[in-house]
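User: I should like to learn how to read the features of a protein model step by step. Could you take me through this one?

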Amino acid sequence: MTDDLSPRTITEDEYRAVHRLVFRAFFTTPTDELAALDRPVLELDRTHAVFADGAPVATGTIQTRELSIPGGTVQAAHVTGVAVAPTYRRRGLLGKIMQAQFAAAAAAGEPVAALWASEGAIYGRYGYGPATWSVRYEADNREVSLAGPAGVGVPIREVEPLEGREAFAAVLDRARQGQPGLSGRPRALWERRLVNDPADRQAAAELQAVLAGPPGDPVGYALWRPFGNWGPAGAEGIVDVIELLATTLDGYAALWRFLLTMDLTRQVRYGVAGPGEPLPHLVADPRRLAARLGDGLWIRLIDLPAALAARRYAAPVDAVLEVTDQRIPANAGRWRLTAAGPDAPARCAATDAPADLTMDVRELGAAYLGGTSLGTLAAAGRVVEHRPGGLAAVATAFGWPVPPISIEVF
Ligand SMILES: CC(=O)SCCNC(=O)CCNC(=O)[C@H](O)C(C)(C)COP(=O)(O)OP(=O)(O)OC[C@H]1O[C@@H](n2cnc3c(N)ncnc32)[C@H](O)[C@@H]1OP(=O)(O)O
């Protein structure tokens with residue numbers, strides 16, 4: 001039988017086979033329990049798959065969510081669950097899934113798409129650029145202590161993760177205002193996040209949750225898992241911080257004080273801190289956080305003029321950007337971007353005027369949240385300046401005083 005290797009959206013009956021394809025690609029066991037837990041968060045009509053001999057061999061899904069950007073929010077196609085069967089790899093199926101997703105995002109009016117990459121080498125070719133950077137801490141907690149008074153006296157309360165959902169959601173929704181990079185989280189995704197995931201619980205104790213602040217007025221929360229561990233000299237447990245978010249410095253510092261001083265532990269790990277977060281400036285010896293930098297959220301402009309007009313700019317800008325885009329031709333060409341500063345809406349329209357800067361769409365994705373400088377990309381040869389001073393002006397405008405963070409590997 002000749003298979004039509006074109007992606008299409010899947011049906012309820014095909015869900016289990018698609019779930020199995022994804023779990024097997026990530027070397028995990030697709031149990032009935034996990035399939036049932038994952039089903040409420042999967043949007044069938046936004047899940048594409050390629051079928052061969054009646055079985056799915058490539059897939060990818062989109063979560064419908066909001067994304068905070070400099071000065072506002074946009075609807076963003078949150079791409080996840082991408083997998084190709086090992087026997088069908090390196091023959092272009094991922095490219096077909098990507099194109100289907102671009103069309104789906106455009107049809108839904110989502111000006112950008114966002115993802116966390118399993119491997120950093122995969123998505124640049126599809127026009128995604130690394131827009132946030134994540135810092136991984138693996139700190140010896142005996143060497144790290146908060147130096148100042150921040151957070152002292154702020155109450156910390158334990159809550160059952162699922163019972164704390166509304167309070168956590170209130171913190172996230174407040175934090176999202178003005179914090180580029182944070183994604184909105186609909187109720188089903190919150191519940192999936194807070195359930196004690198069987199895929200994670202083998203080596204660790206249950207998911208734990210704490211709220212900072214007085215009852216009824218939470219100013220932060222943390223989700224974490226303890227790993228109990230004993231060495232020849234005694235306790236060597238680990239605090240694995242999964243998510244930590246606060247709306248005040250006191251809340252933030254109180255949560256870190258709590259997590260860094262857990263009895264029976266020797267290490268605190270956190271994988272998704274932002275490079276601009278306050279923690280290194282609150283501890284006595286930031287080197288002891290043992291930070292390692294990696295890429296975070298990758299952004300792809302789906303509708304370039306809509307995406308660029310949706311965000312605000314840190315400084316006045318009037319510039320022509322010449323953009324290449326191999327995968328979404330409508331984005332390619334010269335665009336005039338104008339904005340009067342951070343309090344004014346921006347405009348972006350096609351133009352024939354000479355270009356100030358030339359770059360690929362990937363670079364605009366990287367710079368979109370203000371976390372990757374166009375100046376850095378120019379230094380790497382990825383942005384070319386045609387008018388002296390053009391790079392400085394545009395790079396300044398694309399920056400943002402609040403560095404982006406993405407706290408969830410979705
Ligand atoms: C957002 C997310 O869900 S991230 C999760 C991604 N999924 C995984 O990592 C699961 C395991 N891996 C896989 O399932 C597959 O290898 C995939 C999905 C990464 C790639 O699927 P494929 O169908 O093999 O990709 P495809 O054939 O379309 O590759 C296109 C190009 O990407 C390159 N490529 C694909 N995967 C990788 C990789 N992991 N590292 C580097 N390059 C890669 C190919 O070499 C090819 O390059 P070319 O255009 O220069 O020839």
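**Reading the model: ligand shell, annotated sites and cores**

Analyst: Arg-91 sits in the loop that joins β4 to α3. Please bear in mind throughout that this is a predicted model.

User: Is Arg-91 buried or exposed?

Analyst: The general idea is to count the C-beta atoms around a residue: 12 or fewer within 10 Å make it exposed, and 20 or more make it buried. Arg-91 has 11 C-beta neighbours inside 10 Å, so Arg-91 counts as exposed. Arg-91 is also one of the positions that UniProt, in an unreviewed entry, lists under "binding site". Among the others in that record are Val-82, Leu-94 and Ser-118.

User: Where is Ser-118 placed, and how many other C-beta atoms lie within 10 Å of Ser-118?

Analyst: Ser-118 belongs to the loop between β5 (112-116) and β6 (129-130). Because 13 other C-beta atoms lie within 10 Å, Ser-118 is partly exposed.

User: Which residues are closest to the ligand?

Analyst: A ligand environment is read as a shell of residues, first by membership and then by origin and character. Here 22 residues surround the ligand, and the closest are Val-82, Arg-89, Leu-94, Ser-118 and Ala-121. Two elements, β4 (72-84) and α3 (93-107), give two or more residues to this shell. The largest share, six residues, comes from β4. By character, the shell divides into 12 nonpolar, five polar and five charged residues.

User: Which residues does UniProt list for "active site"?

Analyst: The unreviewed UniProt entry lists Tyr-123 and Phe-410. Such a record is best read together with the surroundings of each position. Tyr-123 lies in the loop between β5 and β6, and with 25 other C-beta atoms within 10 Å, Tyr-123 is therefore buried. Beyond residues up to four places away in sequence, Tyr-123 touches Leu-115, Ala-117, Tyr-128 and Trp-298. Phe-410 is found in the segment after α11 (390-398). Phe-410 has 19 C-beta neighbours inside 10 Å and so counts as partly exposed. Setting aside neighbours within four places in sequence, Phe-410 is in contact with Gln-63, His-78, Thr-80 and Trp-116.

User: How should a nonpolar core be read, and which residues touch the most other members of the largest one?

Analyst: In soluble globular proteins, nonpolar side chains tend to be buried together. The largest nonpolar core here has 68 residues, of which Val-112, Ala-113, Ala-114, Ile-299 and Tyr-368 touch the most other members. Its largest share, eight residues, comes from α3. Domain 1 (8-110) and domain 3 (303-398) both contribute residues, so this core lies between them. Val-112 shows the packing in detail: apart from residues up to four places away in sequence, its contacts include Leu-67, Val-74, Ile-299, Leu-301 and Tyr-368. A second, separate core of 43 residues includes Phe-168, Leu-211, Ala-222 and Leu-259.

User: How far apart do the C-alpha centres of domain 2 and domain 3 lie?

Analyst: The chain is divided into domain 1 (8-110), domain 2 (134-295) and domain 3 (303-398). The C-alpha centres of domain 2 and domain 3 lie 36 Å apart. A single pair of residues may be read in a similar way: Ala-315 and Val-152 are 163 residues apart in sequence and 38 Å apart in space, C-alpha to C-alpha.

User: Where is Ala-315 found, and which residues does Ala-315 touch?

Analyst: Ala-315 is located in the loop between α8 (304-310) and β17 (317-324). With 16 other C-beta atoms within 10 Å, Ala-315 is partly exposed. Its contacts, not counting residues up to four places away in sequence, are Gly-341, Thr-396 and Ala-397.

Conventions: Residues numbered from 1 in each chain as written. Predicted model: local features only at pLDDT ≥ 70, side-chain atom pairs only at ≥ 80, totals over all residues. Near = placed C-beta within 6 Å. Helix = DSSP H or I, 4+ residues; strand = E, 2+ residues; numbered from the N terminus. Nonpolar A, V, L, I, M, F, W, Y, C, P; charged D, E, K, R; others polar. Contact = placed C-beta atoms within 7 Å. Core = buried A, V, L, I, M, F, W, Y, C linked by C-beta atoms within 7 Å. Domains from an automatic or database assignment. UniProt positions renumbered as here; feature names shortened; annotations may be inferred.
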